[in-house]
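Grab a coffee and open your viewer. Here are some exercises to work through, each with a solution you can follow step by step.

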Amino acid sequence: MEQFLQQIASGLANGAIYACVALALVMIYVSTDHINFAQGELAMFSTYISWQLMSWGAEFWVAFAVAVVFSFVMGVTIERVILRPLHNAPVLSIVVVFIGLLAICNSMAGAIWSYLIKEYPSPFPKSSFGIAGVIGPHQLGVVLVTLVVLGLLFVFFRYTSLGLAMRAAAQNPQMARLVGVRVDWMLALGWGLAASVGAVAGTMVAHIVYLDPNMMGGILLYAFASALVGGIGNPGGAVIGGFIVGVLENMVAYAGNQIEKITGVYIIGNGEKLTVALIIVIFVLTVKPAGLFGRVVVKRV
Amino acid sequence: MPAFPKKWLWILLALAFLVPLLQPLLPDVVSNYRLFLVSTMIIAAIAVLGLNLLTGFNGQISLGHSAFYAVGAYTAAILMDKLDMPYYATLPIAAVMCFIVGYLFGLPALKLEGHYLALATFALALSVPQILKYKWLEDLTGGVQGIVLSKPDVPFGLPLNEDQWLYYYCLVVMVLLYWAAANILNSRSGRAMMAIRDQYMAADTMGIDTALYKTVTFGISAAYTGIAGALSASAIAFVAPDSFNFFLSIKFLIGLVVGGVGSLAGSVVGGIFYVLVDNSAQALSTFVKNDLGLQFDLSAYTVFGIILIVLMYLMPMGIVGGVYYLVRSMRSPGAKAREQAALKQRASS
Amino acid sequence: MKTNRRTFVGGLSAAVMLSGSRAAFAQKKYDDGATDNEIKIGHTNPYSGPASSYGVIGKAIEAYWKSVNDRGGVNGRRINFITLDDGYNPAKTVECVRQLVEQDKVLCTFNTLGTPTNTAIHKYMNQKKVPMLFVATGASKWGNPKEFPWTMGYQPDYHTEAVIYAKHILANIKDAQIGVLMQNDDYGKDYWEGFKEGLGKEAGRIVKHVTYEVTDPTVDSQVIQLKDSGANVFFNVSIPKFAAQSMRKAANINWKPAIYLNNVSGQVTTTMKPAGFENVQGVITAAWLKDPTDHQWDGDAEMKTWREWMAKYNPNGNLGDVNYVYAYSVSFLMEQTLKKCGDNLTRENLMRQAANHQKLRVPGLLPGITVSTSPTDFYPVQAVQLQRFKGESWDLFGDVMHAESS
């Protein structure tokens, strides 16, 4: 029973990580209609910026704020400089550009900061936070920060005119242009915001998995699955999707353990937990093709 | 996308068959290593061709072709290792095996589109290396250690060395597969495949069995890539789960896009590019470091990323598409001039 | 005068040897890759991809040969070191190594990295009879001169190391219940097999065996499973990132077993500090290299030379990275081997000299550990010493153990 609780708690904590990165993916999808494979690497790069500032003596929250702003500028710049000329290129060509970006970010970070893992501090107070033995203070903090970011995004998209304009620009660029939305800049803005959300995710994740240039590789896979489970265009869905994937994965391993304990036969374990979790996810998607919380877009022909 | 002119195809093919025979004359230019390198390009081209059938001609995206490549490679390796089957006999079995896996995978994939299909195939690419390590399959797959094989022997006492033979073997397989793909695409089924890509609903209402075509295309595509995997098992003489990670899928995708989506010739160009770019990125990075004296450590991986982005800038439609438009735009002024001359003539007469 | 028979024989054989070596020196002999001015050495390493943290080894070795060339080379010959990126992909390694051997025509390859990657080229190199020296992997299959006379390993193998831990656990921990965390690849597997062999009849003491994939974000779930099994010994076979995570998680959920950590993660700054010093007191590991982040070597002469070398040739290199010590030591051994070849730079002689080191002191190895090889012993470094973590550094204890590998 204790193990069960701990597995759930650890699944939720991991889920928070996936949810955080999934939010950044959703962000870019909502505002540009693309899935950015380089999102994780951009977030990793931003996290290194904050690490560098802290190693120069900055406070955590100062470094955090600077990294978020820096990421925003970086995102806008990438959109304006690299992607702007490719607005009319086929989707797959854009995907290849993302892969190129991924390669550049990853290797540049390695060249600048080396591939050794680095410690990354946690901003949350150690003692008064968390539930001893079940969920650590940092894990709980990550869950809270994820929810705060989600809340901010919700308010932004729902209640501000800028958010509305961004959604319009992504969903129907021509109509948006007609009503006076500057679509090009909305795309750039979307990139900036996504990179900022990514920076938040990176700074939250780095304490748990440690900072290194490949830290986002594995996480991005999970985040991608989370975003899709929840419905790719839905920030709330992405967060719930993250928690689902995190808990599901641990439960698969837990179930495998119990089976082995009772019957003595090894059927599934840690080696297969990702596979089984993904099979479940795909099964869910074949039943609900737009994700759990996504809306089916009806196409008019 | 335009078809490749037939005349050129024949000339290229004749050249491809003749080049290895020049080895006694030019031992340094036509070295065994280069032949081996070209063989790996051919193998990559077959894999990309398979992906192109699915993505380029049927409009279904896949990030999971490394899985089919792995299934093909392992099928061949296990047959050779456990049953002592000759290497050439493994190809059809690997193809059938991959067709079945691809077809079965195509069934749930019917319900998925776009990003969701990308995720499902992505999951496939991630799972296969893990399944290869699965405890109960270890005896068969060799687990994490993989299987060490021997290189294909030269049959019938032909006066060729191993690498020359491997080259011809791969080349013949590719030519056959290319020819088959061209015929499929040119047939009623091929047009149905493309109709599904271009106008899904129209195709459906016109009575095309879209579900059948989509799943069968998945199977054929997987079979192509599986054959490439089986060839690679023979060429490299070793299979291990590490060779088939997700990044292999990405490389196929890069080959596809850089070569030309929806172009058979583009697949070949993409396969060549995919092998070449790795090597050239490294050469370029050393060049920048040693000869240009740049202090910053520009790694090959960075150069690789830059090459990709620049290529997409210059040729967003891929190399074959880019060259085609270039040729057309170069020709068109001439064509216009001729047209005008003809008009003038008619007016004067 | 009466000649003592023994000295006479001794003198004679010395004379024969001298004349033999003189003949070798007088007559320059070369294979591909060696000339009067140059020796070509090939190398593959993952500079990109998931294993790119090992990329520094390639860069450090490159820097080492630069320092050798600045000193005038080996016996007056420049070292031309060609290193290629294989991305830890066996298929790519085959391509790279064929390029090195057939196109660049290197004399030998040296310190090619990775178990699956080296497995892929093992047969080829031995068929081509090209020396494949001091490969950078801890698998135990590289010292098999009967079947593979052209391949030689370098570091103590994982298998032997695991046997040592197993024996130590049996001897020191009463009623041991062991939980094992292992990376699910050949590296983890080697430790796992060795560990079971070391336990022998007591293998039933392993109450839980869990694995992780390199792509897993965390190993929290695995550590919870280990705790739940009631284990009081934790055998930790993971790379630094996961070693640090798992030991921190164990402390967080109040699991306090005796921890045996594999040598791969035995560095202070990359594993112990990130895990939190308070969480890793008493952890035991085996070592054979000096950890540059351990303050006990601050005044050590060899490490001082190493630091000077780092400052000059790797100014941007991370002084806390033990991979630089590794690269330095293995390159030193290669340099000595080439020196011993004199002017007879054939592949055969290179192998003969590589298999003919007697108690050679290689900088960077722990005190008391030396390199010895022979035509039947292709394991250059075979000794390790156990150490226990105390305060903020390692505390060596017990004797240097010369384990004979299987």
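The exercises below go from chain-to-chain contacts down to single residues, and the model they use is a predicted one.

**Exercise 1. Work out which helices of chain A touch chain B, and what kinds of residues they bring.**

Solution.
- Step 1: Start with the counts. On the chain A side 36 residues take part, and they meet 35 residues of chain B.
- Step 2: Find the helices. Helix 4 (91–113), helix 9 (215–230) and helix 11 (273–287) of chain A each put at least two residues into this side.
- Step 3: Pick the main contributor. That's helix 4 of chain A, which gives the most with 14 residues.
- Step 4: Sort by class. The side of chain A that touches chain B has 28 nonpolar, seven polar and one charged residues.

**Exercise 2. Do the same for the side of chain C that touches chain B.**

Solution.
- Step 1: Count again. Here 24 residues of chain C are in contact with 24 residues of chain B.
- Step 2: List the elements that give two or more residues. They are strand 3 (78–85), helix 3 (90–103), helix 4 (115–128) and helix 6 (186–199) of chain C.
- Step 3: Helix 3 of chain C supplies the largest share, eight residues.
- Step 4: By class, you get eight nonpolar, seven polar and nine charged residues on the side of chain C that touches chain B.

**Exercise 3. Describe how helix 6 and helix 8 of chain A pack.**

Solution.
- Step 1: Recall the usual description. A pair of packed helices is described by the angle between their axes and the distance between the axes.
- Step 2: Get those two values. Helix 6 (residues 161–171) and helix 8 (residues 183–209) of chain A pack at about 105°, with axes 9 Å apart.
- Step 3: Name the geometry. Angles from 65 to 115 degrees count as roughly perpendicular, and helix 6 and helix 8 of chain A are therefore roughly perpendicular to each other.
- Step 4: Find who makes the contact. Helix 6 of chain A uses A:A165, A:M166 and A:A169, while helix 8 of chain A uses A:V183, A:M186, A:L187, A:L189 and A:G190.
- Step 5: Classify them. The contact of helix 6 with helix 8 of chain A has seven nonpolar residues, one polar and no charged.

**Exercise 4. Map the domains of chain C and their contact.**

Solution.
- Step 1: Read the assignment. Chain C is given domain 1 (30–155 + 299–382) and domain 2 (158–287).
- Step 2: Place them. The C-alpha centres of the two domains of chain C lie 30 Å apart.
- Step 3: Count the contact. Nine residues of domain 1 of chain C meet nine residues of domain 2 of chain C.
- Step 4: Split the domain 1 side by class. It has five nonpolar, four polar and no charged residues.

**Exercise 5. Look at burial in helix 12 and helix 9 of chain C.**

Solution.
- Step 1: Set the cut-off. A residue is buried if 20 or more other C-beta atoms lie within 10 Å of its own.
- Step 2: Apply it to helix 12 (residues 347–354) of chain C, where C:L350, C:M351 and C:A354 are buried.
- Step 3: Look down the axis. The buried residues of helix 12 of chain C fall within an arc of 95°, so they line one face of the helix.
- Step 4: See what they pack against: strand 4 (108–110), strand 5 (132–133), helix 11 (322–341) and strand 11 (344–345) of chain C.
- Step 5: Move to helix 9 (residues 268–275) of chain C. Seven of its eight residues are buried, so it's largely enclosed by the rest of the structure.
- Step 6: Name the neighbours. The buried residues of helix 9 of chain C pack against helix 8 (240–252), strand 12 (383–390) and strand 13 (393–396) of chain C.
- Step 7: Check what comes next. C:G276 follows helix 9 of chain C, with a positive phi near 95°.

**Exercise 6. Locate A:S114 and C:F134, and decide whether each is buried or exposed.**

Solution.
- Step 1: Most residues other than glycine have a negative phi.
- Step 2: Check A:S114. Its phi is positive, near 70°; A:S114 sits in the loop between helix 4 and helix 5 (137–159) of chain A.
- Step 3: Count around A:S114. With 20 other C-beta atoms within 10 Å, A:S114 is buried.
- Step 4: Check C:F134. Its phi is positive too, near 45°, and C:F134 lies in the loop between strand 5 and helix 5 (158–172) of chain C.
- Step 5: Count around C:F134. It has 26 other C-beta atoms within 10 Å, and C:F134 is buried.

Technical notes. Residues are numbered from 1 along each chain as its sequence is written. Chains are lettered from A and ligands numbered from 1 in the order in which they are written. This is a predicted model: local features need pLDDT of at least 70, side-chain atom pairs count only at pLDDT 80 or more; totals for chains, interfaces and linings use all residues. Two residues are in contact if their C-beta atoms, placed from the backbone, lie within 7 Å. Helices (H or I, at least four residues) and strands (E, at least two) are DSSP runs, numbered from the N terminus. Ala, Val, Leu, Ile, Met, Phe, Trp, Tyr, Cys and Pro count as nonpolar, Asp, Glu, Lys and Arg as charged, and the others, Gly among them, as polar. A residue is buried if 20 or more other C-beta atoms lie within 10 Å of its own, exposed if 12 or fewer, and partly exposed in between; C-beta atoms are placed from the backbone. The arc is that of the directions from the helix axis to the C-beta atoms. Domain bounds come from an automatic or database domain assignment. Axes are lines fitted to C-alpha atoms, for helices over the stretch in contact, and angles run from 0 to 180 degrees between N-to-C directions. Angles under 35 degrees count as roughly parallel, over 145 as roughly antiparallel, 65 to 115 as roughly perpendicular and the rest as oblique.
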